[in-house]
Amino acid sequence: MPELPEVETVRRTLKNFVLKKKIVSVDVLYPKIIEDDIDKFIENVSNQVINDIDRIGKFLIFKLDNTAFVSHLRMEGKYHYVDQDIPLNKHDHIIFNLDDGKQLRYNDTRKFGRMKLVSLNNYSNELPLSKLGAEPFNVDVKELYAKLHKCKLPIKHAILDQSIIAGIGNIYANEICFAMHLDPYTPACKLTKKSVAELKEVSSKILEEAIEQGGTTIHSFSANGIDGLFQVKLKAHMQKICPICGGEITKEAIKGRGTYYCKQCQKRRK
Ligand SMILES: [Zn+2]
């Protein structure tokens with residue numbers, strides 16, 4: 001699943017190709033991707049210039065002349081910017097025909113991705129964006145502490161909750177717990193204010209480094225064939241040997257998500 005750094009990489013890459021291009025028309029080949037009335041979506045988005053692309057958490061926001069729409073890639077969503085005469089892939093579901101003769105194609109093998117119209121000037125206060133917590137970069141430590149202090153879930157599960165803190169997915173949740181030497185099963189409410197401040201700092205640093213490197217490429221995603229160009233060095237996620245103690249990395253499921261940690265180096269907070 002693309003995480004915040006990957007979505008940020010997609011945003012930056014897409015901007016290089018589609019900014020100031022006009023969407024001439026839209027072909028909706030798999031209607032479930034669009035959470036609005038299909039005709040309304042097509043009508044609102046057509047003949048509109050892509051003026052900017054924003055990101056909040058793992059949502060992309062395409063800002064057009066009179067409207068905007070959010071796009072969430074979920075598990076396998078990708079964008080491709082291609083010549084219109086290139087044959088469609090069977091997983092291309094939404095086709096934006098641009099005024100430069102190219103197409104921006106939304107491709108999604110799992111079909112879990114979603115798009116939805118939002119208002120141009122107030123989208124951060126509208127669903128689905130309004131329910132997101134702050135990102136690690138700008139979260140208020142006191143507010144984050146208050147949320148975690150009420151939460152009895154394992155910390156690794158709690159930081160995946162986008163209403164508590166936005167933009168952390170499973171890969172980076174594993175990396176953050178590892179970097180903090182924190183047992184992922186530690187109940188969130190056990191973290192002291194000092195640990196929560198550390199959580200903010202470590203999360204920001206890990207996400208920033210990943211953005212600099214262009215995100216991980218564990219699962220396929222691309223915004224114009226940037227697949228495989230980047231590889232973030234992970235220390236715990238999908239690893240076998242702990243880079244600190246040389247011991248074994250344990251893999252278990254917490255709430256169904258693959259959790260990688262070193263039992264030796266990562267301690268439960270009491
Ligand atoms: Zn270790």
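The following paragraphs lead the reader through a predicted model, beginning with its zinc site and ending with its largest pocket.

The zinc ion is held by four sulfur donors, the SG atoms of Cys-242, Cys-245, Cys-262 and Cys-265, at 2.2 to 2.4 Å. Along the sequence these donor residues follow the spacing C-x2-C-x16-C-x2-C. Cys-245 belongs to the loop between H6 and strand S10 (250-254), while Cys-265 belongs to the segment after strand S11 (257-261); the pair therefore ties together parts that are 20 residues apart in sequence. The geometry of the site is tetrahedral, with angles of 103 to 115 degrees among the 4 donor atoms. For comparison, the ideal angle for four tetrahedral donors at a metal is 109.5 degrees. The surroundings of two of the cysteines can also be described. Cys-245 has a relative accessibility of 38% and so counts as partly exposed. Cys-265, at 13%, counts as buried, because the limit for that class is under 20% relative accessible area.

Between the two strands just named, S10 and S11, runs a loop that contains Lys-255. Lys-255 is a residue other than glycine, yet its phi is positive, near 50 degrees. With a relative accessible area of 53%, Lys-255 is exposed, since that class begins over 50%.

A positive phi also occurs at Lys-111, again not a glycine, where the value is about 60 degrees. This residue is found in the loop between strand S8 (102-108) and S9. Its relative accessible area of 32% makes Lys-111 partly exposed. Strand S9 itself covers residues 114-118 and includes Arg-114. Arg-114 has a relative accessibility of 19% and therefore counts as buried. Although Arg-114 and Leu-73 are 41 residues apart along the chain, their C-alpha atoms are separated by 6.9 Å.

The loop between S9 and helix H3 (141-149) holds Pro-128. The peptide bond that joins Leu-127 and Pro-128 is cis, with omega of about 0 degrees.

Helix H2, residues 38-45, offers details at both of its sides in sequence. At its N-terminal end Asp-37 acts as a cap, with a side-chain oxygen 3.3 Å from the backbone nitrogen of Asp-39. Just after H2 comes Asn-47, whose phi is positive at about 60 degrees.

The last region to consider is the largest pocket, which has a volume of about 370 Å³. In general, rolling a probe the size of a water molecule over the atoms shows where empty space is left. The lining of this pocket consists of 17 residues, and those nearest its centre are Ala-179, Lys-205, Ile-206, Glu-209 and Lys-235. Helix H5 (170-179) and helix H6 (193-212) each contribute at least two residues to the lining. The largest share, 6 residues, is supplied by H6. As to residue class, the lining has 10 nonpolar, 1 polar and 6 charged residues.

The loop between H5 and H6 contains Leu-182. Its relative accessible area is 1%, so Leu-182 is buried. The C-alpha atom of Leu-182 is separated by 14 Å from that of His-237, a residue 55 places away along the chain.

Methods. Residues are numbered from 1 along each chain as its sequence is written. This is a predicted model: local features need pLDDT of at least 70, side-chain atom pairs count only at pLDDT 80 or more; totals for chains, interfaces and linings use all residues. Side-chain values use heavy atoms; hydrogens and water are left out. On a 1 Å grid over the protein atoms alone, a cavity is a set of points where a 1.4 Å probe fits but cannot get out, and a pocket is an open set with protein on both sides within 12 Å along at least five of seven lines; lining residues have an atom within 4 Å of a point. Grid points are joined across faces, edges and corners, and a volume is the space filled by probe spheres set on the points. Helices (H or I, at least four residues) and strands (E, at least two) are DSSP runs, numbered from the N terminus. Ala, Val, Leu, Ile, Met, Phe, Trp, Tyr, Cys and Pro count as nonpolar, Asp, Glu, Lys and Arg as charged, and the others, Gly among them, as polar. A polar contact is a pair of N or O atoms within 3.5 Å; within protein, one must be able to donate a hydrogen and the other to accept it, and residues adjacent in sequence count only if both atoms are side-chain atoms. Donors are N, O and S atoms within 2.8 Å of the metal (3.2 Å for Na, K and Ca); water is not among the atoms, so sites may look incomplete. Four donors count as tetrahedral if all angles lie between 85 and 135 degrees; four count as square planar and six as octahedral if opposite donors are over 155 degrees apart and all others between 65 and 115; anything else is irregular. Buried means under 20% relative accessible area, exposed over 50%, partly exposed in between (1.4 Å probe, protein chains only).
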